[in-house]
Each structure stands twice: as C-alpha cells, then as structure tokens.
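User: Please take a close look at one part of this model, the aromatic residues, and then set that part in the context of the rest of the fold.

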Amino acid sequence: MDKGTYASNPWYERHFPEGRYRKIADDINNVQNYESELQDIDQIVHFAAESHVDNSIRDSYSFLISNVVGTQRLLEFARRHDIRFHQISTDEVFGSLDPEGDDLFTADRCYDPRNPYSATKASADFLAKSYANTYGMRITISNCSNNYGNHQHPEKLIPKTIINAFHSRKIPVYGNGGQIRDWIHVRDHNDAVDYIIDRGKPGSVYLIGARNQKRNIDTVKMILSVMHRDENLIEYVSDRPGHDRRYAMDPSTTESLGWKPRIKFEDGLRETVDHYVKNMKIYEGMLG
Ligand SMILES: NC(=O)c1ccc[n+]([C@@H]2O[C@H](COP(=O)([O-])OP(=O)(O)OC[C@H]3O[C@@H](n4cnc5c(N)ncnc54)[C@H](O)[C@@H]3O)[C@@H](O)[C@H]2O)c1
C-alpha cells in the first residue's frame, strides 16, 4: 500500500518484477477496506511514513495521522488476521549522542525523540511493542540509521547536494556541518530487513547501521570531490531547531543474524551521484 505522497517515486516501480507485486494506491489508514484483497498475506512490513524532519517541524499533523494512527490501523489489521508484523523505524527515536563521544545507540537505550517526526516514529514503535506484549503478536522492530542511494526524494541531504552541485548552485549546510550521521546504503538496509524477517526473534528489536559515521560537511565535500566541484559552493545556513548532533548505531543485534552491509560508502556515493546526474530532469521536477 502506498498513498503516493509527494515523497513517493512511482517512476521506481518500473524496476519491480512483472506479476510479482500488486500495489494498492491508498492510505494505510484505509487498510480495513481491503480485507478480501489482503486475506492471504502472511506478513506486513511497515515502511509507510511521513519522513522529512523539516516538514514535521513546520506542521506535524500529517505525521501523527500517517505514522501513529496509520501504524495502529495496520497493527489492528495484523491482529485480526494473525499476521506477522515488522515495524520499520529510525535511529532518531534515540535522540542525540555527544559529537565528541564514541558511544553507540543500543537496542536497550531509552527513547528520547527530539523532533516531531521522531516523536511519531517512537510512538509507533511503542504501539508495536504494546501489541506484541498485550496480544502476543509476532512483531519485530528495526531501527536504522540514515539511508542514501538511488531514487530517494531530492529533499534529502545527499540528493539535494548532488543536484545543487550539478548546477554549480550554492549548497546549504545547516550550522557548521558538524552533525554526524551514520550512513547506510538503502540496499543494505533492505537486506537487513530480509534477515530480520527470516531469522529475527518475535518480540525483539534490531538495530541496523553500517558503522559509517560521517560529519555532514565531510559528506558534502565527498560529493563535491566526486563531481569535481569547488568547495566554495558550500553555504552555511542557520541550524535546524533541535538539530541532533550525532547518531551512531551498534548494529550487532542484526549482525548476529548473519547480516553485514556490503556497499562501501565511497562506492555507493559514486553510484548515487551517477544516478541523479543521469536522471537530473526527473529529480528537479520533484523539487517543484
Ligand atoms: N530515509 C531514511 O534515512 C530512513 C532511516 C531509517 C528509517 N527510515 C524509515 O523508513 C521508512 C521509509 O522511509 P523513506 O525515507 O523511504 O520515506 P519517504 O518519505 O521517502 O517515503 C515514504 C513512503 O510512504 C508513503 N506514505 C506516507 N504516508 C502514507 C500513508 N499514510 N499511507 C500509505 N503510504 C504512505 C509515501 O507515499 C512514500 O511512498 C519510514 O518508515 C522511515 O521512518 C528511513
């Protein structure tokens, strides 16, 4: 099910193998209208969400409806039909780490969401945990670090930087660019989810990350270097309110299932730059 918000990328669906998927173009809040179509499914993997932090700071209402109420609707559906459920979540629910420190988020860390987006994801995770506990449902949760890769909406840091660099436009960087993110390629994230679905223990939480912490400014500089652009394109802009300083995952729970990330950041970044440059017109269109 995909409601097709501005962030969805229907163009990507040309990669889906013919006959092996069926899309319901609707809101997850309407899942109860599809009892007969969905009666044979044995798993729900719940990715759908409003995901852009800046939008949630401007107006969090749609985040509550999709991320919290929508998750409740899917959990209810899963409960009625005894369907295994996997909740996709984020490292942002854990809050922020000291940028000078070397500690990592672990699965037993207390939640400390610091923006409306992460507060709704945290709420959804708590709902999932409560359904596992209250109804004994087969539920797993994964919290993943920052994703990058082809087909991401150009509002996000890496594609936005590529597009601006391509046109030699100024590249806005929040604050001093010292925020640290733990980047993982989206294919590695999805592989990890497959491992968890196949081998994860119901009731457990799995952390996913590629042990790849980078300061935002260094990520931007890497992109500029791959694209042979000058660093004087960088423009420091006022920081986002409540901007978390460092995210860093301890992915050993997922690694213990046999998973490990396969894509090196440098290689994934080059592939991503190529993809956006080749399809520049499409992505610029998405920026409106
Ligand atoms: N992108 C990341 O770095 C990252 C990291 C960790 C976790 N996650 C999680 O992964 C999931 C996917 O993130 P993304 O970056 O692909 O987000 P995205 O915003 O790029 O895409 C979200 C998709 O969900 C759909 N959607 C939104 N609300 C819906 C609703 N009510 N009903 C049906 N469909 C709806 C949109 O149409 C879109 O296709 C989210 O749950 C997010 O919290 C993302």
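Analyst: In this predicted model, Y131 and Y135 both belong to helix α3, which covers residues 116-135, and they sit 4 residues apart, about one turn of the helix. Their rings form an aromatic pair with 4.9 Å from centre to centre and 55° between the planes, an arrangement that counts as tilted. The two tyrosines differ in exposure: Y131 has a relative accessibility of 7% and counts as buried, whereas Y135, at 41%, counts as partly exposed, because that value falls between the 20% and 50% cut-offs.

Another tilted pair is made by Y276 and Y283, with 4.3 Å between the ring centres and 45° between the planes. Here both residues, Y276 and Y283, are buried. Beyond these pairs, F94, F105, Y111, F126 and Y247 come together as one aromatic cluster. Over the whole structure, a search finds 12 aromatic pairs.

The surroundings can be approached through helix α4, residues 157-166, where 7 of the 10 residues are buried, so this helix is largely enclosed by the rest of the structure. The buried residues in question are I158, P159, T161, I162, I163, N164 and A165. They pack against β4 (147-148), β5 (171-174), α6, α8 (265-278) and α9 (280-287). After α4 comes S168, which has a positive phi near 55°.

The packing between α4 and α6 can be followed from the other side through V220, which is placed in helix α6, residues 216-226. With a relative accessibility of 1%, V220 counts as buried, because the value is under the 20% cut-off. Once neighbours within four places in sequence are set aside, V220 is in contact with L157, T161, I171, V173 and I234. As for A165, its C-alpha lies 9.5 Å from that of V220, although the two residues are 55 apart in sequence.

A further buried position is S142 in strand β3, residues 139-144, where the relative accessible area is 0%. Leaving out residues up to four places away in sequence, S142 touches H86, Q87, I88, S89, T90, V193, I196, Y206 and I208.

These local views belong to a protein with 9 helices and 10 strands. Its radius of gyration is 19 Å, close to the 19 Å that the globule rule gives for 288 residues, so the protein is as compact as a globular protein of that length. Along the principal axes, the C-alpha trace spans about 55 × 45 × 40 Å. Of the 288 residues, 48% count as buried, and among contacts between residues at least 6 apart in sequence, 82% join residues at least 24 apart.

As for the surface, the protein exposes about 14,000 Å², of which carbon and sulfur atoms supply 47%. Its charged side chains comprise 37 positive and 42 negative ones, and the centres of these two sets lie 2 Å apart.

Terms used
Residues numbered from 1 in each chain as written. Predicted model: local features only at pLDDT ≥ 70, side-chain atom pairs only at ≥ 80, totals over all residues. Heavy atoms only, no water. Helix = DSSP H or I, 4+ residues; strand = E, 2+ residues; numbered from the N terminus. Buried < 20%, exposed > 50% of the residue type's maximum accessible area, 1.4 Å probe, protein only. Contact = heavy atoms within 4.5 Å. Rg over C-alpha atoms; globule rule 2.2 N^0.38 Å. Areas by Shrake-Rupley, 256 points an atom, 1.4 Å probe, with all protein chains shown as cover. Lys, Arg positive; Asp, Glu negative; His and termini not counted. Charge placed at Lys NZ, Arg CZ, Asp CG, Glu CD. Phe/Tyr/Trp six-rings, centres within 6.5 Å; stacked < 30°, edge-to-face > 60°.
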